[in-house]
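Here are some notes for a colleague who is opening this structure for the first time. Please keep the sequence and the 3D view side by side while reading.

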Amino acid sequence: SGVTLATAAVVVETVSASLRAGDSAQGGTLFDVHWQGPDNRGDFIGLVLAGSEDRANYAAHTYSYHGDPVQLRAPLEPGDYELRYVTGQSGVVLARAAIQITPAPLGRGTLAVLPPDNGDTLLLGAGDAVELILDASGSMLQRQDGVRRIEIAKQVLSGLVTDTIPMGTPFALRVFGHKEADKCRTDLEMALQPLAAMDAAATIADIQAKNLARTPIGQSLELVASDLSTVTGKRLIVLVTDGEETCGGDAAEAIEALQAAGIDVRINIVGFAIDDTALAETFRYWATLGDGSYHEAISADDLAASMSAALQAPFTVTDTNGRVVARGTVGGDAVDLMEGDYQVTVERDNAQPFSVSIASDKDTRVSAR
């Protein structure tokens, strides 16, 4: 008898991308970038100083899911820059294109949007709600500046419920990693209810991170729909975590499902002690998908500032052509703008745009309306 050996050819497709934009753009202006590429989840087009290999140092970037072309805002600092198409999963640069950023055509100033007279930076509407999601998995037992991360996080969250989130705000608290080792368990520790500061602080104080417990971020975000099912307004979610998904969940898919269901949600993510730039970029992508923002924190002070910023109401600035040229948060850092006239819109119930004029070398401050 004989033996027949079969061979099969394996075809490996080369993944490639291309970028096309003008040779130059004026600082502070919006410009189009045409691209071709795999358009996988998290893929982005970024602008970086020529020669830089720091993934965290992009002067501007946006995600491929926005379509072709995408728009980038040229930085105000002139110089030689490079456009890059970067894969979201592995951080591989698939395409590069040189571009020169020339000086801004006008002077520039700054704009800060301050809280109203009552000091409220959240500006929540009557039907809005807040849900905090806390990672209490095994990695949160590591120490940061000599203190366990979970203890730092608990202290910060206690401050938020007693000093920052207004009493009576519809509030929920979800925690994962604090019940069972080597499990993908996530628990609603406080079901939706008007915030009672002392009760919430006591619940937070009782949380203990569990060694070897895993990190079900995707599942926790999926459960937001049921956690806040009776909410009629916006659902503001703030997730604080120090590590990656370890339970096979898909956070991006969970966020897309929330949006597909018509749920009005804003998901802000705070990365605590994240030293992996690829993971930080993944978190930033998830937050962008969730119409929110990503914040990084290393120390206890950083975490307090980041959590506070994650709760603040966002605002957008549009130019005379109706294009968004800057984003910020009420009570947060000022944004740089070229001299000129703009419209500011604060995200809140029945918000109406209001006009501001930016003068060269001037710091403009306005109250949220």
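The points below take up helix packing, a buried strand residue and some backbone features in turn.

1. The coordinates come from a predicted model, and the remarks that follow should be read with that in mind.

2. Two packed helices are described by the angle between their axes and by the distance between those axes. For helix α1 (residues 149-164) and helix α7 (residues 300-311), the axes come within 10 Å and cross at roughly 40°. Because angles under 35 degrees count as roughly parallel and those from 65 to 115 as roughly perpendicular, this crossing makes α1 oblique to α7. The crossing in which α1 passes α7 is right-handed.

3. On the α1 side, the contact with α7 is made by Ile152, Ala153, Val156, Leu157, Leu160 and Thr164. On the α7 side, the contributors are Ala300, Leu303, Ala304, Met307, Ser308 and Leu311. Sorted by class, the contact of α1 with α7 holds ten nonpolar residues, two polar residues and no charged ones.

4. A second pair to inspect is helix α5 (residues 251-260) with helix α6 (residues 277-289), whose axes come within 9 Å and cross at roughly 5°. An angle under 35 degrees counts as roughly parallel, and therefore α5 is described as roughly parallel to α6. Here Ala251, Ala252, Ile255, Glu256 and Gln259 of α5 meet Tyr285, Trp286 and Leu289 of α6. The residues of this contact between α5 and α6 divide into six nonpolar, one polar and one charged.

5. Which residues of helix α2 (residues 197-205) are buried? They are Ala197, Ala200, Ala201 and Ile204. Seen down the axis of α2, these buried residues fall within an arc of 100°, so they line one face of the helix. An α-helix has 3.6 residues a turn, so residues three or four places apart point the same way. The cover over the buried residues of α2 includes α1, β13 (170-176) and β14 (186-194).

6. Ile269 lies in strand β16 (residues 265-272). Is Ile269 buried or exposed? With a relative accessible area of 0%, Ile269 is buried, because buried means under 20%. Leaving aside residues up to four places away in sequence, Ile269 touches Leu239, Phe283, Trp286, Ala287, Ser293, Tyr294 and His295. Among these partners, Trp286 also takes part in the contact of α6 with α5, so the reader may wish to display the two sets of contacts together.

7. A cis peptide bond joins Asp68 and Pro69, with omega at about 5°. Pro69 lies in the loop between β5 (60-63) and β6 (70-73). Measuring from C-alpha to C-alpha, Pro69 and Ile269 are 27 Å apart in space, and they are 200 residues apart in sequence.

8. Two aspartates deserve a look at their backbone angles. Asp39 is not a glycine, yet it has a positive phi of about 55°, and its place is in the loop between β3 (30-36) and β4 (44-49). Asp361, also not a glycine, has a positive phi of about 65°, and it is found in the loop between β22 (354-358) and β23 (363-367).

9. How do these aspartates stand in terms of accessibility? Asp39 counts as partly exposed because its relative accessibility is 37%, whereas Asp361, at 69% relative accessibility, counts as exposed.

Terms used:
Residues are numbered from 1 along each chain as its sequence is written. This is a predicted model: local features need pLDDT of at least 70, side-chain atom pairs count only at pLDDT 80 or more; totals for chains, interfaces and linings use all residues. Side-chain values use heavy atoms; hydrogens and water are left out. Axes are lines fitted to C-alpha atoms, for helices over the stretch in contact, and angles run from 0 to 180 degrees between N-to-C directions. Helices (H or I, at least four residues) and strands (E, at least two) are DSSP runs, numbered from the N terminus. Angles under 35 degrees count as roughly parallel, over 145 as roughly antiparallel, 65 to 115 as roughly perpendicular and the rest as oblique. Contact means heavy atoms within 4.5 Å. Ala, Val, Leu, Ile, Met, Phe, Trp, Tyr, Cys and Pro count as nonpolar, Asp, Glu, Lys and Arg as charged, and the others, Gly among them, as polar. Buried means under 20% relative accessible area, exposed over 50%, partly exposed in between (1.4 Å probe, protein chains only). A crossing is left-handed if the near helix is turned anticlockwise from the far one by less than a right angle, and right-handed if clockwise. The arc is that of the directions from the helix axis to the C-beta atoms.
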